[in-house]
Amino acid sequence: MRTKATLFLFVLVAALGTVAYYFNREWDAKRVADSARTHVLGADAVDLSSLRIEFRDGRPAIELQRRTSGWELVEPVRWPANYFAVARLLSELQTLERESSFPVEGAQLADYGLDAPQCRLAYGRQDRRSVISIGKETDVGGRLYILPEGGDRILVVGRALLDSLAQPVEHFRSDTVFTLPTFEVRSWNMQIAESGNLRIWLTRSGDKWIMETPVQARADTAAVESLLERILGNLKVERFESGLTDLNLIRLATPDFIVAFEGAGRREALLVGSRVPGQPQDGRLHFAKLEDNPTIFVIAADFLDDLRRAQLGLRDRRLLEFEPNRVQSISIQAGGRAQSIELQRLDNGPWQVLTRTPEGTGTPMPGDAERIGALVTELHELRALPPDEGGFATDAPSTDDLANAYYLASPAWTLTVADVPDPASSQIRTQTILLGGMDRDRVHVQVGTDRVIGRSVYRIDRGLYDDLRSEPRHYRSRQLQRLPEGARLTGVALRRLVSENPDLVVQLAAPDQPWEEATANLPDDVRPHVLALVGRLRELRAADILATEFSTSISDDTGERPWTWLLESTINLEGGAGQKRSFRLYLDDYRGGPTLVAATPDLGLVYLATQPFIDAFGPLVLRRADPGPPEQPPPPDEAPPADPTPPASDTTPPAG
């Protein structure tokens with residue numbers, strides 16, 4: 001039963017499909033027939049390859065031909081066509097409809113202006129060529145009489161056809177010099193006669209530009225793209241010169257400048273000749289022509305100075321090329337030293353500092369992320385000075401110049417940056433920069449990739465030179481201690497090293513006792529500073545690292561002296577009972593001021609304390625016992641009685 005139903009449905013669907021197919025064919029045939037009856041050109045207007053417009057009034061004929069690169073105006077002047085004007089004309093021809101028609105037989109062509117038509121349109125496709133004669137307007141309605149060549153009927157069409165044809169030649173001519181879009185350009189050549197026929201060749205590599213000649217170097221992509229757009233995208237014809245035939249007179253036989261662009265399988269080259277006479281000395285109008293086009297025209301060549309400076313002006317002033325977040329390590333070596341400093345980024349992001357010597361590698365130290373990050377940024381933004389300040393010193397230095405003028409044979413500093421340029425790959429790339437001698441606060445440098453140093457010498461300002469340090473401690477983290485969330489300080493003791501008795505001891509009764517409670521019995525002028533000191537010990541930082549080895553005494557310009565104070569703290573580590581450790585700080589004598597030298601044997605460091613630590617520690621060691629109010633002399637019991645006998649006066653006369 002199911003088989004019969006399925007068979008019935010199959011037959012029904014097939015029948016409906018057959019009916020739909022035949023009805024659709026009949027409808028398509030009707031549509032094609034209607035179109036053929038109303039459209040003048042029909043399929044002949046599709047895929048045209050040539051158009052020629054001739055007028056009876058003597059204006060020059062206009063001929064357009066389709067090339068591989070697009071439509072071109074070939075008469076009265078050879079020039080790229082205006083794409084939009086040609087597209088409008090083609091659309092007009094493809095949609096041209098006849099509104100009525102009548103037989104040619106028996107008609108007087110002169111009555112319709114077709115014996116001597118005001119305009120003739122010739123259109124072709126491959127080897128086929130057809131002509132339409134356009135007569136006068138109808139007496140009513142503003143229509144046109146037209147007659148296809150060999151046609152047997154005169155057609156009446158809208159006037160829009162004549163409006164599209166009766167345009168000046170400028171309407172069909174592109175006003176731009178080049179047709180190659182900027183995004184298609186893959187290489188760019190410049191030849192400058194006044195610089196000894198200097199040739200500059202640039203190539204595109206992905207989204208970047210490379211200078212291939214006269215020296216191989218990175219180009220400044222932004223500068224290249226900007227100049228490329230000014231020339232290729234915005235350069236326009238000021239006017240055409242039809243009377244000039246001798247190219248030698250206007251220096252186009254041997255041009256002053258040649259600018260050529262290649263891309264998408266084609267080449268466009270501009271030849272720039274002499275300045276147009278009759279303008280100011282600094283005028284920008286120059287004669288020009290395209291390489292494969294005899295038409296001479298005038299352009300406003302405001303880019304010629306940029307071409308003259310292109311060898312340096314289009315070079316990338318960046319000396320190192322990398323993404324800061326992909327840097328894996330930086331090696332720093334001062335001239336004349338066997339050891340180098342290695343700054344390495346660990347897998348989880350933090351930096352570490354190593355000292356590398358011919359004998360081996362020292363113990364790693366945690367790196368200062370802020371200071372190393374600043375160095376990475378400085379190297380990433382490092383630029384040669386502008387060309388007018390001598391940023392590109394030379395591309396061909398002699399051996400003697402490298403040694404005695406630029407001091408690069410034995411550089412003062414050698415830095416090597418290792419990075420991963422492709423995040424999808426683990427391949428490491430290295431870039432090296434050599435810093436040589438200084439010249440009027442300018443530093444000469446050379447750069448290279450994968451340990452191969454290039455010949456070019458650049459000049460930079462002295463900022464990087466001044467910021468580099470040869471001591472690993474300079475890059476060591478200033479964060480000395482940061483207790484984890486679950487760890488607690490359970491006691492602090494401060495004593496003067498020459499005394500056996502501590503000056504201050506505060507111990508928590510239990511690991512979870514609040515410090516505010518443990519310090520409740522301290523004097524009011526002591527308690528806040530102890531609480532502040534506990535906070536600083538949890539998050540201990542150094543203002544600067546003085547040495548990466550602990551010393552039992554302080555050494556400075558005044559000589560050697562012992563430490564004055566010992567600050568010990570007890571720490572309960574996270575994870576349960578019994579896990580304790582102590583942390584010791586030795587401190588210099590403090591008599592006030594912003595400087596305090598400290599040391600920790602637990603970390604093997606001598607350092608300068610931060611101001612917040614000094615603010616907490618200073619009052620504790622500068623505190624003196626309060627002597628109380630000054631003693632007053634006891635009041636007298638009573639005033640002494642007055643003497644009633646006046647003192648004797650010396651009135652005895654002298655002896656006679």
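Buried here means under 20% relative accessible area. Keep that cut-off in mind for the tour, and remember that you're looking at a predicted model.

**Stop 1: Asp 256**

Select Asp 256 and you land in the loop between strand E14 (237-241) and strand E15 (257-263). Is this residue buried or exposed? Its relative accessible area is 14%, so Asp 256 counts as buried. To see what surrounds it, show everything in contact with Asp 256 beyond four places in sequence: Gln 191, Ile 192 and Ala 193, then Arg 251, then Val 272, Gly 273 and Ser 274.

**Stop 2: zoom out**

Now show the whole protein chain as a cartoon. You should have 13 helices and 39 strands on screen. Of the 656 residues in the chain, 39% are buried. Switch on a surface, and the accessible area comes to about 36900 Å², with 50% of it belonging to carbon and sulfur atoms. If you like contact maps, take the contacts between residues at least 6 apart in sequence: 56% of them join residues at least 24 apart.

**Stop 3: the nine-stranded sheet**

Next, pick out the open sheet of 9 strands, which goes E4-E3-E2-E1-E6-E7-E8-E9-E5 with antiparallel pairing. Which strands stand at the edges? They are E4 (79-80) and E5 (98-103); each has a single partner strand, so one side of each is left without a neighbour in the sheet.

Step inside the sheet and colour these pairs:

- E1 (residues 50-55) and E2 (residues 62-67) run antiparallel, joined by 4 bridges. Ser 50 sits opposite Gln 65 of E2. Their hairpin has 6 residues between the strands, and Gly 58 there has a positive phi near 95 degrees.
- E2 carries on to E3 (residues 70-75), again antiparallel, through 5 bridges. Look for Glu 63, whose bridge partner in E3 is Glu 75. This hairpin has 2 residues between its strands.
- E6 (residues 119-125) and E7 (residues 128-137) are antiparallel as well, with 7 bridges. Tyr 123 is a good place to zoom in: its bridge partner in E7 is Ser 130.

**Stop 4: E11, E12 and E13**

Move along to strand E11 (residues 198-205), which is joined by 5 bridges to strand E12 (residues 208-213), running antiparallel. Put Trp 201 in sticks, and you'll find Thr 213 of E12 opposite. Between E11 and E12 the hairpin has 2 residues, and Gly 206 takes a positive phi near 65 degrees.

E12 also pairs with E13 (residues 217-218), antiparallel, through 2 bridges. Here Met 211 faces Ala 217 across the pairing, and the hairpin has 3 residues between the strands.

**Stop 5: helix H8**

Select residues 369-380 for helix H8: 12 residues that reach 16 Å from first C-alpha to last, close to the 16 Å expected at 1.5 Å a residue. Now colour Ile 372, Leu 375, Val 376 and Leu 379, which are buried. Why do they fall on the same side of H8? Because they cover an arc of only 100 degrees around the axis.

What covers these buried residues? Show strands E19 (327-334), E20 (340-345), E21 (351-357) and E25 (413-419), plus helix H10 (463-467), which are among the elements doing so. Before leaving, go to the start of H8, where a side-chain oxygen of Asp 368 comes to within 3.1 Å of the backbone nitrogen of Glu 370.

**Stop 6: Gln 479**

Jump to Gln 479 in strand E30 (residues 479-482). With a relative accessible area of 17%, Gln 479 is buried. Leaving out residues up to four places away in sequence, it touches Glu 539, Leu 540 and Arg 541. Two distances are worth drawing. One runs 3.5 Å from a polar atom of the Gln 479 side chain to the backbone oxygen of Leu 540; the other is a polar contact of 3.0 Å between the side chains of Gln 479 and Arg 541.

**Stop 7: helix H13**

Finish at helix H13 (residues 611-622). At 1.5 Å a residue its 12 residues should span 16 Å, and the end C-alpha atoms are indeed 16 Å apart. For a last selection, take the buried residues of H13: Phe 613, Ile 614, Ala 616, Phe 617, Gly 618, Leu 620 and Val 621.

Methods: Residues numbered from 1 in each chain as written. Predicted model: local features only at pLDDT ≥ 70, side-chain atom pairs only at ≥ 80, totals over all residues. Heavy atoms only, no water. Expected span 1.5 Å × (residues − 1). Buried < 20%, exposed > 50% of the residue type's maximum accessible area, 1.4 Å probe, protein only. Arc of directions from axis to C-beta. Contact = heavy atoms within 4.5 Å. Polar contact = N/O pair within 3.5 Å; in protein donor to acceptor, adjacent residues only side chain to side chain. Pairing = 2+ DSSP bridges. Areas by Shrake-Rupley, 256 points an atom, 1.4 Å probe, with all protein chains shown as cover.
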